[in-house]
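Here's a quick tour of one protein chain, put together for someone new to reading structures. Have a look at the fold below, then work through the points by topic.

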Amino acid sequence: MNITSWESILQQGDSRELIKNIPDKSVDLILTDPPYNISRHSTGNIPLPGRSAINNDVADWDRVNFSPEEWVDDFLRVLKPTGNLFIFTTYNQIGEWYNCLDRIFDTTQFMIWHKTNPAPKIFKAGFLNSCEMIYCCWNKGHTWNFISQTEMHNFIESPICMRPERLTNPKHPTQKPTSILKKIITIASTTGDVVFDPFMGVGSTGIASLTLGRKFIGFELDEVYFNAAKDRIEIRKF
């Protein structure tokens with residue numbers, strides 16, 4: 001894979017195979033949202049009168065076993081010594097990422113994305129699911145653009161992705177708003193850097209990266225999601 005004279009490289013297929021073609025130490029930022037496997041803990045979707053059911057089952061692809069440990073070697077291989085790694089995750093996986101990566105990187109931290117409009121708690125028997133975790137890793141000398149003391153809390157707040165940005169066909173259950181992706185990319189990379197997302201879904205990380213003058217490599221297994229991502233990225237559609 002020649003990564004010197006291009007703006008974006010999009011490939012449809014299994015990331016476990018496609019990542020082998022990325023040269024060593026060629027990526028500045030891995031920003032990705034892999035499967036969480038939370039469907040395994042689901043008690044089923046919750047029907048709501050007059051609107052779509054609350055989707056606790058997420059999608060069939062979320063039921064396929066995802067093991068963070070399987071990705072560590074290739075992530076380390078393609079990431080530059082000055083690179084950063086940001087992984088959206090959840091309570092049932094953050095410990096696995098920690099066990100794999102904390103001993104390897106000089107610094108591991110986590111951020112919280114607080115969703116200001118989470119799904120309601122219909123039965124009022126617990127807390128609203130309004131937070132998502134982002135696991136972060138880097139080594140000494142990493143690329144970093146510190147904004148200000150007030151802007152650099154490990155906390156990002158925004159609504160979940162809504163129309164007109166959110167796609168309805170296909171509808172991706174975990175589509176992220178480009179606003180939070182842009183903030184991470186701005187902090188953790190510079191103009192011309194290579195951002196890599198091996199689970200790009202409908203391409204939001206690619207749009208955020210290219211809009212900010214970065215290069216982008218994106219892989220997606222699902223053909224429908226891939227085609228949607230390709231179309232969005234080609235016309236920079238938010």
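To talk about how a helix lies against a strand, you need an angle: axes are lines fitted to C-alpha atoms, for helices over the stretch in contact, and angles run from 0 to 180 degrees between N-to-C directions. With that in hand, helix H6 (residues 223-235) lies across E1 and E10, and runs at about 160° to E1. Keep in mind that this is a predicted model.

**The overall picture**

- The chain's secondary structure comes to 6 helices and 10 strands.
- Out of 238 residues in the chain, 50% count as buried.
- Take the contacts with a separation of 6 or more: 72% of them are between residues 24 or more positions apart.

**The sheet**

- An open sheet is built from 8 strands, and if you walk across it you meet them in the order E1-E10-E9-E2-E5-E7-E6-E8. The pairing is mixed.
- Which strands stand at the edges? They are strand E1 (8-12) and strand E8 (155-158), and each has a single partner strand, so one side of each is left without a neighbour in the sheet.
- On average, neighbouring strands of this sheet are turned by 15° against each other, with direction ignored.
- Strand E6 (residues 107-115) runs antiparallel to E7, and 8 bridges join the two. Across from Glu132 in E7 you'll find Trp113.
- Helix H5 (residues 204-211) packs on the sheet, where it touches E1, E2, E9 and E10. The direction of H5 makes about 175° with that of E10.

**The nonpolar cores**

- As a rule of thumb, nonpolar side chains in soluble globular proteins tend to be buried together.
- In this model, the largest nonpolar core has 29 residues, and Leu85 and Leu101 are the ones with the most contacts inside it.
- Several elements supply at least two residues each to this core, including strand E2 (27-32), helix H2 (72-78), strand E5 (79-89) and strand E7 (131-138). H3 gives the most, with 4 residues.
- What does Leu85 touch, not counting residues up to four places away in sequence? Its contacts are Ile30, Phe75, Leu79, Leu101, Phe105, Tyr135, Cys136 and Cys137.
- Apart from the largest core lies another one, of 25 residues, and among them are Ile134, Trp138, Ile180 and Ile207.

**Helix H3 and its surroundings**

- Ile94, Trp97, Cys100 and Leu101 are buried in H3. Look down the helix axis and the buried residues of H3 fall within an arc of 130°, so they line one face of the helix.
- Those buried residues pack against H2, E5, E6 and E7.
- Thr89 is found in strand E5. Its relative accessibility is 0%, and buried means under 20%, so Thr89 counts as buried.
- Setting aside neighbours within four places in sequence, Thr89 is in contact with Ile94 and Trp97, as well as Tyr36, Glu132, Met133 and Tyr135.

**The cysteines**

- How many disulfides does the structure hold? The number is 0.
- Cys137 is in no disulfide: the nearest cysteine sulfur belongs to Cys136 and is 7.3 Å away. A disulfide needs the two sulfur atoms within 2.5 Å.
- Is Cys137 buried or exposed? Cys137 is buried, with a relative accessible area of 0%.
- Cys131 has a relative accessible area of 40%, which makes it partly exposed.

Note on methods: Residues numbered from 1 in each chain as written. Predicted model: local features only at pLDDT ≥ 70, side-chain atom pairs only at ≥ 80, totals over all residues. Heavy atoms only, no water. Buried < 20%, exposed > 50% of the residue type's maximum accessible area, 1.4 Å probe, protein only. Core = buried A, V, L, I, M, F, W, Y, C linked by side-chain atoms within 4.5 Å. Contact = heavy atoms within 4.5 Å. Pairing = 2+ DSSP bridges. Arc of directions from axis to C-beta.
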